[in-house]
Amino acid sequence: MPGFTKPLPSSKSTSARIPSLEIARRHVIATVSRAQIDSFIHPQHRREKDMSQIHVFDTYARSASGKIMHFDVILPENDPTKALQCARDWLRSVGEEDAVVNSESCAYCHSEPHAPAEMQKDIETQGYAIFKLEGCPR
C-alpha cells in the first residue's frame, strides 16, 4: 500500500522497501475504535472483569453438637474475608448460628469460568451461593 512502506536505509534503490510499522500503527490507532480492538483480543487477555467467573471456597464448619458440615461458598470475586462472612450468614440462615467456622476452615479452592444458572441466580440475589457437600441441613 502506498504510504505504508519506506526505503531501506542501506538501499539506494526504490524497489527495496519494507513495511513501516510506525506508520501502520498510527493508521490503526486513528481508524479503529477501542471497542473494535477489544473484540479482537482473546477473552482471557481482556482487562475488564469477567462477571460470570466464580470463585469457590471449600468450607468446613462444626455445629454446636459436634457435627461436621462441608460446603462450598461461591462468590463472584476472590475475597476470603467475604467468603467467611457469607459462610457465617448461611449457617445462621439454616439455624446453625452456633457453628464454628474460621479462616482456616474456609479457604479458596479454585475458580470456574461460569456458574450454573441456579447458582448465578443466588449470587445475583444474595451475593453468594452455597453448594452443600456433606453433613449440611436440607
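# A tour of the chain, element by element

Read along the sequence, the elements of this chain come in the pattern β-β-α-α-β-β-α-β-α-β. The coordinates are a predicted model. In total the chain has four helices and six strands.

**Whole chain.** Start with everything displayed and the surface switched on. The accessible surface amounts to about 9700 Å², and carbon and sulfur atoms make up 55% of that. The chain has 138 residues, of which 27% count as buried. Among contacts with a separation of 6 or more, 52% are between residues 24 or more positions apart.

**The sheet.** Now hide the surface and select strands 3, 4, 5 and 6. These four strands form an open sheet with antiparallel pairing, in the order 5-3-4-6. The edges are strand 5, residues 106–112, and strand 6, residues 129–134, each of which pairs on one side only. Leaving direction aside, neighbouring strands in this sheet are turned by 25° against each other on average.

**From strand 5 to strand 3.** Go across the sheet in its own order, beginning at the strand 5 edge. Strand 3 covers residues 54–62. Six bridges pair strand 3 with strand 5 in the antiparallel sense. To see one of these places, select histidine 55 and look for its bridge partner in strand 5, serine 111.

**From strand 3 to strand 4.** Next select residues 68–75, which are strand 4. Eight bridges join strand 4 to strand 3, and the two run antiparallel. Two pairs can be picked out here. Valine 56 stands opposite isoleucine 74 of strand 4, and tyrosine 60 stands opposite histidine 70 of strand 4. Colour strand 4 by accessibility: seven of its eight residues are buried, so the strand is mostly covered.

**The hairpin loop.** Follow the chain from strand 3 into strand 4. This hairpin has five residues between the strands, and in it glycine 66 takes a positive phi near 100°. Then select serine 63, which lies in the loop between strand 3 and strand 4. Is serine 63 buried or exposed? Its relative accessibility is 6%, so serine 63 counts as buried. Its side chain is joined to that of serine 65 by a polar contact of 3.0 Å. Leaving out residues up to four places away in sequence, serine 63 touches Met69, Glu96 and Ala99.

**From strand 4 to strand 6.** Return to the sheet and move to its other edge. Strand 4 and strand 6 run antiparallel and are joined by five bridges. Aspartate 72 has phenylalanine 131 of strand 6 as its bridge partner. For valine 73, the bridge partner in strand 6 is isoleucine 130.

**The helices on the sheet.** Add helix 3, residues 80–93, to the view. Helix 3 lies across strands 3, 4, 5 and 6, and runs at about 125° to strand 4. Then add helix 4, residues 117–126, which packs on the sheet and touches strand 3, strand 4 and strand 6. The direction of helix 4 makes about 130° with that of strand 6.

**Cysteine 86.** Within helix 3, select cysteine 86. With a relative accessible area of 5%, cysteine 86 is buried. Cysteine 86 touches Val73, Leu75 and Tyr128, residues up to four places away in sequence not being counted. Draw a distance from its C-alpha to that of isoleucine 74: the two residues are twelve apart in sequence and 9.1 Å apart in space.

**The cysteines.** Finally, show the cysteine side chains, including those of residues 86, 106 and 136. A disulfide is a covalent bond between the sulfur atoms of two cysteines. How many disulfides does the structure hold? There are zero. Why is cysteine 106 not bonded to cysteine 86? Cysteine 86 has the closest cysteine sulfur to that of cysteine 106, but the two are 8.6 Å apart, too far for a bond. The cut-off for a disulfide is 2.5 Å between the sulfur atoms. Cysteine 106 is buried, with a relative accessible area of 4%. Cysteine 136, the last stop, has a relative accessible area of 17% and is also buried.

Key:
Residues are numbered from 1 along each chain as its sequence is written. This is a predicted model: local features need pLDDT of at least 70, side-chain atom pairs count only at pLDDT 80 or more; totals for chains, interfaces and linings use all residues. Side-chain values use heavy atoms; hydrogens and water are left out. Two strands pair if DSSP finds at least two bridges between them. Axes are lines fitted to C-alpha atoms, for helices over the stretch in contact, and angles run from 0 to 180 degrees between N-to-C directions. Contact means heavy atoms within 4.5 Å. Buried means under 20% relative accessible area, exposed over 50%, partly exposed in between (1.4 Å probe, protein chains only). Accessible areas come from the Shrake-Rupley method with a 1.4 Å probe; for residues, only the protein chains shown count as cover. A polar contact is a pair of N or O atoms within 3.5 Å; within protein, one must be able to donate a hydrogen and the other to accept it, and residues adjacent in sequence count only if both atoms are side-chain atoms.
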